[in-house]
Amino acid sequence: MFKIGCHLSMSKGYLSMGKEALSIKANTFQYFTRNPRGGAVKQLNLDDIEAFNNLTKEHSMFPPLAHAPYTLNPCAEKESIREFAKMVMEDDISRLEHIPGSMYNFHPGSHVKQGVEIGIQKIIDILNNVLKQDQKTIVLLEAMSGKGTEIGRSFEELKSIIDGVNHSHLIGVCIDTCHIYDAGYDIVNNLDGVLNDFDKIIGLERIKAVHVNDSKNPFKSHKDRHEKIGDGFIGKEAFERLINHPSLKDLPFYLETPNDIEGYAVEIEMLKNMRK
Ligand code: FE
Ligand code: FE
Ligand code: ZN
């Protein structure tokens, strides 16, 4: 099964997102667990979740990917900001336990002036506080472009985080094509080489999801501006190789391109047509 979806808005709840995904011929989707810029969260609606779980079963959908608000900074210098990140992550994960197969993706954060090592240690500390031995939700570190002082710009940085986490069986990686291309991993000319590096440093089995985004900026620009598939510096041919690559093809792919719902429907169809 080609697992393909896009980012949807949570505003009307899970059942509505599931139906919206089906309406554009997606079989999975991603969403922000709460306001992406703040922390406000809706009350947990178990009826909505039950209806959604039934819908996904009925249509053999792949479980959705939850994305933490991108303003969380788990490695902030200020303790109150880290406390807030921890509170949000714990609460999000406890909610996700109601949705079988859920994964929770987050940006590792920005160390600002503290340096990479201190930043990584803070991310590890948060994960060691938040992750519970018996939870089912898998938590994904998103690979980042390295803009500003972002952590997670290299496979080595991601590996250092994973190595420090006690319940590391609960940790995976989400590869974002725009981010890693901007970070300096040449998925256009050397996809095999990039995946070999990933395998040597982290292990390919840690990749649990892929964000498929073209990039508005050239290789190694460290910018992180997503573009529609085929309209950026990565280009359609690279995406065709990527979604069909033996090491990636069974993973869920999520579009986070600048699109409205009709645009996503077109892109999903395009990617399906590229699929061998
Ligand atoms: Fe993200
Ligand atoms: Fe992403
Ligand atoms: Zn991005």
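Q: Is the crossing of α8 and α9 left-handed or right-handed, and what makes it so?
A: In this predicted model, the crossing of α8 and α9 is right-handed. That word applies when the near helix is turned clockwise from the far one by less than a right angle.

Q: Why are α8 and α9 called roughly perpendicular?
A: Helix α8 (residues 236-244) and helix α9 (residues 261-274) pack at an angle of about 65°. Angles of 65 to 115 degrees count as roughly perpendicular, so the label fits α8 and α9. Their axes lie 9 Å apart.

Q: Which residues of α8 and α9 meet?
A: From α8 come K236, F239, E240, I243 and N244, and from α9 come M270, L271 and M274. By class, that contact has five nonpolar, one polar and two charged residues.

Q: What makes the arrangement around the iron ion (ligand 2) irregular?
A: Its protein donors are E142 (OE), D176 (OD), H211 (ND1) and E256 (OE), at 2.0 to 2.2 Å. The four donor atoms subtend angles of 84 to 173°. Tetrahedral would need all angles between 85 and 135 degrees, so the arrangement counts as irregular, since it isn't square planar either.

Q: Which residue coordinates both iron ions, ligand 2 and ligand 1?
A: E142 does, and the two ions are 3.3 Å apart.

Q: Where along the chain do D176 and E256 sit?
A: D176 is in strand β6 (residues 171-176), while E256 is in the loop between β10 (253-255) and α9. They are 80 residues apart, so this pair links distant parts of the chain. The full donor spacing in sequence is E-x33-D-x34-H-x44-E.

Technical notes: Residues numbered from 1 in each chain as written. Chains lettered and ligands numbered in written order. Predicted model: local features only at pLDDT ≥ 70, side-chain atom pairs only at ≥ 80, totals over all residues. Heavy atoms only, no water. Axes fitted to C-alpha atoms, helices over the stretch in contact; angles between N-to-C directions. Helix = DSSP H or I, 4+ residues; strand = E, 2+ residues; numbered from the N terminus. Parallel < 35°, antiparallel > 145°, perpendicular 65-115°, else oblique. Contact = heavy atoms within 4.5 Å. Nonpolar A, V, L, I, M, F, W, Y, C, P; charged D, E, K, R; others polar. Donors = N, O, S within 2.8 Å, 3.2 Å for Na, K, Ca; no water. Tetrahedral: all angles 85-135°; square planar, octahedral: opposite > 155°, others 65-115°.
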